[in-house]
Amino acid sequence: MAYASVLARNPYTTYRQIDVVGRTAEADGPALVQLLYEELIAALRAAAWATEHRQFAKKGERVTRATAILFALEAGLDYDRGADVAKTLSRFYAGSRRAVVEASVGNNPAPFREVADSMNEIATAWRTARAA
């Protein structure tokens, strides 16, 4: 009964949760990183949309999710094996996090899109490297 009432309130959210759990269940480390990038980009684009449409609760949810994902990406860096790349990504994630938090107090969707575009470039490179 509790599941049905949650599903009735917001089936899209329930589906997304089930989808993410399903995709993470059998994913290896690199696949999980790819999933984090995808979820981050989606959260940032949703924050931009919510900003434009004055959906401030949704914006807050998406900013919180994006920030958490950026922390997770940074926490997963391997400084021993990644050396300079890990340090560069750490600075990039921290700067992106700062930009997202600063944008969260304003009404301009552009910073969310800019960070999403930058993350999409990295996600594309990550996907290409994984496929090689």
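**Helix 3 and helix 4**

I looked up how helix 3 and helix 4 run in this predicted model. They are roughly antiparallel to each other, a label for angles over 145 degrees (under 35 is roughly parallel, 65 to 115 roughly perpendicular, the rest oblique). Helix 3 spans residues 29-52 and helix 4 residues 56-75. Their axes come within 8 Å and cross at roughly 155°. I note that axes are lines fitted to C-alpha atoms, for helices over the stretch in contact, with angles from 0 to 180 degrees between N-to-C directions. Helices are DSSP runs (H or I, at least four residues), numbered from the N terminus.

I checked the handedness: this crossing is left-handed. That is, the near helix is turned anticlockwise from the far one by less than a right angle; clockwise would be right-handed. I listed the contact (heavy atoms within 4.5 Å). Helix 3 gives, among them, Val-33, Leu-36, Tyr-37 and Leu-40, and helix 4 gives residues including Arg-62, Val-63, Ala-66 and Ile-69. By class, I have 15 nonpolar, 1 polar and 5 charged. Here Ala, Val, Leu, Ile, Met, Phe, Trp, Tyr, Cys and Pro count as nonpolar, Asp, Glu, Lys and Arg as charged, and the others, Gly among them, as polar.

Residues are numbered from 1 along each chain as its sequence is written. Local features need pLDDT of at least 70 and side-chain atom pairs 80 or more, while totals for chains, interfaces and linings use all residues; side-chain values use heavy atoms, without hydrogens and water.

**Helix 4 and helix 5**

I moved on to the next pair. The axes of helix 4 and helix 5 come within 8 Å and cross at roughly 165°. That makes the two roughly antiparallel. The crossing is left-handed. Lys-59, Val-63 and Leu-70 are among the helix 4 residues in the contact, and Tyr-93, Arg-97 and Val-100 among those of helix 5. The class count is 10 nonpolar, 4 polar and 3 charged.

**Helix 5 and helix 6**

Here the axes come within 9 Å and cross at roughly 155°. Helix 5 is therefore roughly antiparallel to helix 6. I again found a left-handed crossing. Phe-92, Tyr-93 and Ser-96 are among the helix 5 residues that meet helix 6, where the partners include Phe-112, Val-115 and Met-119. I count 11 nonpolar, 3 polar and no charged residues.

**Largest pocket**

I looked up the largest pocket last. Its space is about 470 Å³. A pocket is an open set of points on a 1 Å grid where a 1.4 Å probe fits, with protein on both sides within 12 Å along at least five of seven lines; lining residues have an atom within 4 Å of a point. The volume is the space filled by probe spheres set on the points.

I find 19 lining residues, with Gly-76, Leu-77, Asp-78, Leu-89 and Trp-126 nearest the centre. Helix 5 gives the largest share, 6 residues. The lining has 14 nonpolar, 3 polar and 2 charged residues.
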